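Welcome! Please take a moment to look at the sequence and the structure below, and then try the exercises at your own pace.

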Amino acid sequence: MTKKAKYLIYFQLIYVLFSGLLIDVGFPKSIKYIMDMVTLLLAIVIVFDKNKKELLKHKMVCGVMLLWLVVTSAVSFVRGCEPLWIIWAYRNWARGFVFFAACIILLERTDIEKLVKLFRISYFINFLIVIFEFLFLGQKGDYLGGIFGSSVGCNGYTNILLCIVLILSIMQAYKNNKLGAYEWFVFCSSMIIAALEEIKIFYYEYLAIIAICAILFIFIKKPDNRFLVKMTYMSLTGFVIGIILLEIFFPNSYSIIVGSKSYFYYEETSRSAYKLSRSHGISEINDKWFGDDLALQLFGMGLGNCETASFDFLVSDFARLYGEWNYMFCCHHILYLEGGLVGLFLFGLIFVVIALESAFQLFKSKKPDIYNVMGIVFSLITIVSIVYNNGMRTEVQYMVYFVLAICCKQINQSDKQEGKFLK
């Protein structure tokens, strides 16, 4: 069963990478629900698989996931919530938990190597399609998504792929103490894509990823000085390319990145779409709905009680009344509405735990292990995405939980061979 079931994971990742493109060429949007059926199959496999003890090596992470589900579900029970709304909320949030567990249980080293190679190849294909769509179809910004299609928000998928491949490339370079042609390509192409798709957050993530990776590797094992100079030169070259292109095609976004216009100015001018601001969303939710009710502020309205969907019977009463406030646009808004500060904290804690476990292992081993570094950096990127958009409620989470799962899995393998899967 295990040998065949792991190909469900392959299917999920290939599907999330290319389903947007399938929709663009004529397939119905409903094909995305195929992934739900596959996730259900993976859940059944997990229940009957004899290798469940593998999850015990990751009991802290899995424990926090379970605790978040228990607490938010209990609040739903106390406050009263339609069972279908709760099930829909499970679908939106917990499918990533199932996928994470499946990756831990089912994937072997050779599978990880193949799937990481899939991300590298997909990244290259995505770059070619993005350039084609921009030059010949006139698409840009929110409607330019490459392999992820052209629907609004497709660049959120791209952002996660850019971060994954950038981290992998930087770690490969530090591991080999060498910068090759592919690393040059990733540094420059990632910023080109970010500029053409107007992914403002990636400009900050790009610098943060480079800086954190450098600090961690320098602290554990000092790289060659000439290599560091080349790395600095390469990263700055890519960033400058991205800045120049952003100024040409999206001057308002360029003004925000370089600081001539404040981020708060951007939030105010985008109020028509984001009715709740990213930076003040929690206080605005308190002003609008929670008031001074401490119970609501701590535990929220319960999992499912603010859900919405394209199916009418899955739309909650709250969403019918206040859906126009677009609280679904950012994960931390809906997490706070349904789970309060406790629910929001517990969900964020999942990724904090992965980052801390990775950091502990890194400093314990005193080796610049690629899995530990990626566990730290990508966990932080995930926390940022919770505040920045709603990706962790979408199919993006399959990519996120795959990367975090392989980091956790490799960290805990006693027979691991450092860095092999990046070759």
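Here are some short exercises, each with a worked solution.

**Before you start**

The model is predicted: local features need pLDDT of at least 70, side-chain atom pairs count only at pLDDT 80 or more, and totals for chains, interfaces and linings use all residues. Residues are numbered from 1 along each chain as its sequence is written, and side-chain values use heavy atoms, with hydrogens and water left out.

**Exercise 1. Compare the end-to-end span of helix 15 with that of a straight helix, and find where helix 15 bends.**

Step 1. Helices are DSSP runs (H or I, at least four residues), numbered from the N terminus, while strands are runs of E with at least two residues. Helix 15 covers residues 331-365, which makes 35 residues.

Step 2. The expected span is 1.5 Å times one less than the number of residues. A straight helix would reach 51 Å, but the end C-alpha atoms of helix 15 are only 35 Å apart.

Step 3. Now look for a bend, which is the angle between axes fitted to the seven residues ending at a residue and the seven starting there. At G339, helix 15 bends by about 125°.

Step 4. Just after helix 15 comes K366, with a positive phi near 55°.

**Exercise 2. Carry out the span check for helix 9 and helix 17.**

Step 1. Helix 9 (residues 225-249) has 25 residues, so it should span 36 Å, and the 37 Å between its end C-alpha atoms agrees with this.

Step 2. Helix 17 has 16 residues and reaches 23 Å from first to last C-alpha, close to the expected 22 Å.

**Exercise 3. Describe how helix 5 and helix 17 meet.**

Step 1. Axes are lines fitted to C-alpha atoms, for helices over the stretch in contact, and angles run from 0 to 180 degrees between N-to-C directions. The axes of helix 5 (residues 109-136) and helix 17 (residues 396-411) come within 12 Å and cross at roughly 140°.

Step 2. List the residues in contact, meaning that they have heavy atoms within 4.5 Å. From helix 5 come R109, I112, L115, V116 and F119, and from helix 17 come M399, F402, I406, K409 and Q410.

Step 3. Sort the residues of this contact: seven are nonpolar, one is polar and two are charged. Here Ala, Val, Leu, Ile, Met, Phe, Trp, Tyr, Cys and Pro count as nonpolar, Asp, Glu, Lys and Arg as charged, and the others, Gly among them, as polar.

**Exercise 4. Is C103 buried or exposed, and which residues does C103 contact?**

Step 1. Use the cut-offs: buried is under 20% relative accessible area, exposed is over 50%, and partly exposed is in between (1.4 Å probe, protein chains only). C103 has a relative accessible area of 1%, so C103 is buried.

Step 2. C103 belongs to helix 4 (residues 83-106). Beyond its neighbours within four places in sequence, C103 contacts I9, F402, A405 and K409.

Step 3. Helix 17 is mostly covered too, with 16 of its 16 residues buried.

**Exercise 5. Which residues does G20 contact, and which does F299 touch?**

Step 1. G20 sits in helix 1 (residues 2-24). Its relative accessibility is 14%, so G20 counts as buried.

Step 2. Setting aside neighbours within four places in sequence, G20 contacts I147, F148 and G149. G20 and S150 are 130 residues apart in sequence, yet their C-alpha atoms are 7.4 Å apart.

Step 3. F299 is in helix 13 (residues 294-299). At 35% relative accessibility, F299 counts as partly exposed.

Step 4. Not counting residues up to four places away, F299 touches V75, E338, G339, G340 and V342. Among these is G339, where helix 15 bends.

**Exercise 6. Where do E198 and N326 lie, and what is the sign of phi at each?**

Step 1. Most residues other than glycine have a negative phi.

Step 2. E198 is not a glycine, but its phi is positive, about 55°. E198 lies in the loop between helix 7 (181-196) and helix 8 (200-220).

Step 3. N326, also not a glycine, has a positive phi of about 55°. N326 lies in the loop between helix 14 (317-322) and helix 15.
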